[in-house]
Amino acid sequence: MNTSEFVESLKKITYNTNTSFISLIPDNGIPTRFEYRGTVNKNDFTIKRRLHFFDFNILHSVIMGSILEVNNKTSLEIKFKPFFFHFITMIISTVFTMFIASQISKDENNYFILVLPFFVAIIQYFILKRSIKRGKYDFLRELNFIAQKNNSLKNIR
């Protein structure tokens, strides 16, 4: 599969929006044929899996990649990183629980409550890690599907 075919296949499943992923059209308003939203260019792409209806607790990571063609083969360099909003949520929830724990421990000599912010930070970390792992699995499955679909079309011709 050459680069232009791959870019066209990726554009077919990507709704074109800005890279900040903040737009007037919510993810639920995007047509269902698009699985991702973002930008796909000739040499690189920045996409994020769109939310479906009732996907409240799923944190999708941002997928950034560059498209290279070496010896008539398309190769990808892909980076998965959490959405910026999820980092802010992680920091705010940790600071908030730290504040509450410090206020509770002032009145009482119960220092066990000070461990609570640590647990919140660890839980948030594993949630982010799981979302990146899930995003990687979904996107690699989608790439595999694109490659299989393209190969089957070549065999028909």
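**Exercise 1. Is Phe139 buried or exposed in this predicted model?**

Solution.
Step 1. Take the relative accessible area of Phe139, which is 0%.
Step 2. Recall the cut-off: buried means under 20%.
Step 3. Conclude that Phe139 is buried, because its relative accessible area is 0%.

**Exercise 2. Find how many aromatic pairs the structure holds, and classify the pair of Tyr36 and Phe139.**

Solution.
Step 1. Search the whole structure: there are 6 aromatic pairs.
Step 2. Look at the rings of Tyr36 and Phe139. Their centres are 5.7 Å apart and their planes stand at 90°, so this pair is edge-to-face. The cut-off for edge-to-face is over 60 degrees.
Step 3. Place the two partners. Tyr36 is in strand 2 and Phe139 is in helix 3. They are 103 residues apart, and the pair links distant parts of the chain.
Step 4. Check the cover of Tyr36. Its relative accessibility is 1%, so Tyr36 counts as buried.
Step 5. Widen the view. Tyr36, Phe45, Phe80 and Phe139 form one aromatic cluster.

**Exercise 3. Which residues touch the most other members of the largest nonpolar core, and which elements give two or more residues to this core?**

Solution.
Step 1. Consider the core, which has 14 residues. Leu10, Phe45, Ile47, Ile63 and Phe139 touch the most other members.
Step 2. List the elements that give two or more residues to this core. They are helix 1 (3–12), strand 2 (36–40), strand 3 (44–49), strand 4 (62–70) and helix 3.
Step 3. Follow one core residue, Ile63. Leave out residues up to four places away in sequence. Ile63 then touches Tyr36, Phe45, Thr46, Ile47, Ile78, Lys79, Phe80 and Phe139.
Step 4. Compare with the aromatic cluster. Its members are Tyr36, Phe45, Phe80 and Phe139, and each of these names appears among the contacts of Ile63.

**Exercise 4. Describe where Ile146 sits and what it touches.**

Solution.
Step 1. Locate Ile146: it belongs to helix 3.
Step 2. Judge its cover. Relative accessibility is 7%, so Ile146 counts as buried.
Step 3. List its contacts, again without residues up to four places away in sequence. Ile146 touches Met1, Phe6, Ser9, Leu10 and Ile13.
Step 4. Take one of these, Phe6. Ile146 and Phe6 are 140 residues apart along the chain, yet their C-alpha atoms are separated by 7.9 Å.

**Exercise 5. Which residues form the nonpolar patch on the surface, and how do Phe118 and Phe119 pair?**

Solution.
Step 1. Name the patch. Phe118, Phe119, Ile122, Ile123, Tyr125 and Phe126 form it. Together they have about 620 Å² of accessible area.
Step 2. Place Phe119: it is in helix 3 (residues 116–156).
Step 3. Classify the cover of both rings. Phe118 counts as exposed because its relative accessibility is 53%. Phe119 has 44%, so it counts as partly exposed.
Step 4. Recall how rings are compared. A pair of aromatic rings is described by the distance of the centres and the angle of the planes.
Step 5. Apply this. The ring centres of Phe118 and Phe119 are 6.1 Å apart and the planes are at 55°, so the pair is tilted.

**Exercise 6. Examine the loop between strand 4 and strand 5, then look at Glu77.**

Solution.
Step 1. Start with Asn71, which lies in the loop between strand 4 and strand 5 (73–81). Its phi is positive, about 55°, although Asn71 is not a glycine.
Step 2. Go on to Asn72, found in the loop between strand 4 and strand 5. Asn72 has a positive phi of about 60° and is not a glycine.
Step 3. Judge exposure. Asn71 counts as exposed because its relative accessibility is 72%. Asn72 counts as exposed because its value is 68%.
Step 4. Move to Glu77 in strand 5. The C-alpha atoms of Glu77 and Ile67 are separated by 6.8 Å, with their positions 10 residues apart along the chain as the offset.
Step 5. Add its contacts, not counting residues up to four places away in sequence: Glu77 touches Met64, Gly65, Ser66 and Leu68.

**Exercise 7. Summarise the whole chain: what pattern does it follow along the sequence?**

Solution.
Step 1. Count the elements: 3 helices and 5 strands.
Step 2. Read them along the sequence: α-β-β-β-β-β-α-α.
Step 3. Give the cover: buried residues make up 33% of the 157 residues.
Step 4. Give the surface: the chain exposes about 10900 Å², and carbon and sulfur atoms supply 62% of it.

Definitions and conventions: Residues numbered from 1 in each chain as written. Predicted model: local features only at pLDDT ≥ 70, side-chain atom pairs only at ≥ 80, totals over all residues. Heavy atoms only, no water. Patch = residues over 30% accessible without salt bridge, like charges linked within 9 Å, V, L, I, M, F, W, Y side chains within 5 Å. Areas by Shrake-Rupley, 256 points an atom, 1.4 Å probe, with all protein chains shown as cover. Salt bridge = Lys/Arg side-chain N within 4 Å of Asp/Glu carboxyl O. Helix = DSSP H or I, 4+ residues; strand = E, 2+ residues; numbered from the N terminus. Buried < 20%, exposed > 50% of the residue type's maximum accessible area, 1.4 Å probe, protein only. Contact = heavy atoms within 4.5 Å. Core = buried A, V, L, I, M, F, W, Y, C linked by side-chain atoms within 4.5 Å. Phe/Tyr/Trp six-rings, centres within 6.5 Å; stacked < 30°, edge-to-face > 60°.
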